[in-house]
Amino acid sequence: MSAASSPSALRGRVAEALLPPLVALLVSIVAGDLLILAVGQSPGAVYRLMLEGTWGNAYGFGQVLYKTTTLVCTGLAVAVGLRAGLFNIGAEGQLAAGGLGAALVGLALPAGTTALLAVPLCTVAALAGGGIVGYVPGVLRARWGAHEVITTIMLNFVVLAFLSWLLSGRLRVPETLHTNAIRAGALPRLSAWWAPFHGSASNASLIIVLAAAASTSWYLFHTSRGYELRAVGLQPDAAESGGVSVGKTWIRALTISGALAGLGGINFVLGYEHYYEEGFATGAGFLGIAVALVGRSNPFGVVLAALFFATLSQGGLAINALVPKQMVDALQGVVILAMAASVPEVRRLLTLRRGAK
Amino acid sequence: MSIALAFLAQTLRIAVPYLFAAAGGVLAERSGIISLTLEGFMLGGAFSAMLGSYYSGNPWVGVLAGIAGGLVLGLVHAVATIRYKADQVVSGIAINLLAVGLTRYFLKLVFDSSSNSPRVAGFSAGTSTTALVAGLLHNPLIPLGLVALPVVAWLMYRTPFGLRVRAVGEHPEAAATVGVSVARVRYIAVALSGALAALGGAYLSLDQHQFTDGMSAGRGFIALAAIIFGRWDPMRAALACLFFAAAETLQIQLQAMQAIPSQFVQMIPYVLTIVALVGVVGRAVPPAALGRE
């Protein structure tokens, strides 16, 4: 670690952090070109359309911000896990549980409860819903050594089936897959403050979520708990002999991770539809993994990566006239694969170069 | 009697895709490569099998095309994880997303549909009530699926290749010392796992005579659950597949009675897998080198 302060070592670390996302971006652009050429369109025209439909107009950008909000949460969830050396693949179930938690509290509050009271309560419920689902694999890992990759995947199915059962009872509006609408105060759409966003789903939960990202960054890099968490992620044995309880840190990390994923539930439930709906979380969990990887498990990077993947996702709708929007689904896979392959490759090449000097 | 036979026949039909995918998964996992990819291999296999059958009008061409699709995805995963040392979990998730994306893209491109392909030639199991089990043989993929895991068991425990697979999955360094090419064995194991899981997918699309978006529907993860529940042993994994399929059959049969909420039956494979990992009744211990380079 002592060499890390020298300028060349710092450059090396920056290169190691930033090169893989760039490689992944390049590879995905090439893959995108191939998919676009396959339908006989010009890549330039398609990418231009994609930009116009996302960053080029207020509605499109509003939609990007809406999708970004959820992805920041699942991305942070995965990132916190990775920092502790754990792979949380359960963000989807945690997000759904957080959404239901927020909705249950919201429904229990009397109609007209001020948002100043309702929003914090529902937000805590979302954090708790996701946190409980994250706590379970934490304990399974710490107490019994059950690997969290498998348990979080399996728990996804269990949690989603359980939530579906809860909903199928008295909770849902008959003939639908959603609950009644919350009548307590909720979060305003961003269009209430800036009219051009009109019609887009982006809402004030973005602010809460960005605050969560900042808090996560603070927690990870400026508190002793965060230091312990990262120490466990880097060298569990060394951390243990240094007096850190690895098991407790795992449980804490996965609980926080689950809570962050659960927080994403407020975007849909408090900010957009005002009810819980089965399937609102679909896909956001796995995409959270992509976000955390491209964002290099750094909260600031996660926000940028979430913005990127949200743009890609919304951009699919914009290009549908020229290229099937399903292209972006394939590109998400390409980005993750390229990212996964380029991280160790970049490290290897950088080490080679350092050795050659 | 006929109720029991109907139950058995339906269980076997449901089990076939699990059996194929678990056969592939056992091979890859025992060689040390994590099999989160089964879901994607299956989906890709289902789509390419449909495509092969669509263009040729012959379901056997579909089967071959399905195998080819699985091989391609398997090799992508193998190159990423073995050549480029990509994290196996991440690459697995990428393969799954890639399979979802590519099948959706080409479904739209070739058939201008976002939900399903047109009807293609396929294999139909007989549904006659008098010869329920014999009727299963009308779909050649059913008997193939039933022998997939026994064949893998034979391969694993009775052949030099199987010995190498187990060696590189447990002690890659030791295997390398005695001259086994770890990378080569793993390439073959992962490619085979792609082909086998893809056969499970081909079974789905050829049995239903069409491809529908996302038709693997989590079956690859159930197969993974069966592998873990079967403690990475092919025959025990086969029993787990049959057990999960029987639970599903029971749920379908009981649905009319509303005896147990279907959601709880759906949870069975996943809950049991967690229980197996926690080790209430004997701990499930993965191959020593699983997930490591």
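Buried, as I use the word today, means under 20% relative accessible area, exposed means over 50%, and partly exposed is in between. The model is a predicted one. I will start with the aromatic residues of chain A, then take some single residues, and end with a helix pair in chain B.

Over all chains, the structure holds 19 aromatic pairs. One of them joins A:F268 and A:Y272, with 5.8 Å centre to centre and 80° between the planes, so edge-to-face, since the planes are over 60 degrees apart. A:F268 has a relative accessible area of 9%, and therefore counts as buried. A:Y272 is at 29% relative accessibility, so partly exposed is the class for that residue. A further edge-to-face pair is A:Y276 with A:F280, at 5.8 Å centre to centre and 85° between the planes. Here A:Y276 and A:F280 are both buried. Ring pairs tie these four residues into a cluster with A:Y66 and A:Y275.

Next, three buried positions in chain A helices.

A:L65 sits in helix 3, residues 58-83 of chain A. Its relative accessible area is 12%, which means it is buried. What does A:L65 contact, leaving aside its neighbours within four places in sequence? The contacts are A:L190, A:F197, A:S202, A:L206 and A:L307. As for A:V328, 263 residues from A:L65 along the chain, the two C-alpha atoms are separated by 17 Å.

A:V302 belongs to helix 13 of chain A, residues 299-318. With 0% relative accessibility, A:V302 is classed as buried. Once residues up to four places away in sequence are set aside, A:V302 touches A:V72, A:G75, A:L76, A:A79, A:V291, A:A292 and A:G295. From A:V302 to A:G247 the C-alpha distance is 26 Å, and the separation in sequence is 55 residues.

A:T249 is in helix 10 of chain A, residues 246-263. At 2% relative accessibility, A:T249 is also buried. Again not counting residues up to four places away in sequence, A:T249 touches A:E228, A:L229, A:V232 and A:V244.

Now two backbone points. A:E175 is not a glycine, yet has a positive phi of about 70°. Where does A:E175 lie? The position is in the loop between helix 6 (148-171) and helix 7 (205-222) of chain A. A:E175 has a relative accessible area of 81%, so this residue is exposed. A:R296, also other than glycine, has a positive phi near 50°. This residue is in the loop between helix 12 (284-294) and helix 13 of chain A. At 25% relative accessibility, A:R296 is partly exposed.

Last, chain B. Helix 10 of chain B, residues 219-229, packs against helix 11 of chain B, residues 234-254, at an angle of about 130°, and the axes are 8 Å apart. Why are helix 10 and helix 11 of chain B called oblique to each other? Roughly perpendicular stops at 115 degrees and roughly antiparallel needs over 145, so the angle of about 130° leaves the pair oblique. The crossing of these two helices is right-handed. From helix 10 of chain B, the residues in the contact are B:I222, B:A225, B:A226, B:I227 and B:F229. From helix 11 of chain B they are B:A237, B:A240, B:C241, B:F244 and B:E248. By class, that contact has nine nonpolar residues, no polar ones and one charged. The charged residue is B:E248, because Glu counts as charged.

Definitions and conventions:
Residues are numbered from 1 along each chain as its sequence is written. Chains are lettered from A and ligands numbered from 1 in the order in which they are written. This is a predicted model: local features need pLDDT of at least 70, side-chain atom pairs count only at pLDDT 80 or more; totals for chains, interfaces and linings use all residues. Side-chain values use heavy atoms; hydrogens and water are left out. Axes are lines fitted to C-alpha atoms, for helices over the stretch in contact, and angles run from 0 to 180 degrees between N-to-C directions. Helices (H or I, at least four residues) and strands (E, at least two) are DSSP runs, numbered from the N terminus. A crossing is left-handed if the near helix is turned anticlockwise from the far one by less than a right angle, and right-handed if clockwise. Contact means heavy atoms within 4.5 Å. Rings of Phe, Tyr and Trp (its six-membered ring) pair if their centres lie within 6.5 Å; planes under 30 degrees apart count as stacked, over 60 as edge-to-face and the rest as tilted. Buried means under 20% relative accessible area, exposed over 50%, partly exposed in between (1.4 Å probe, protein chains only).
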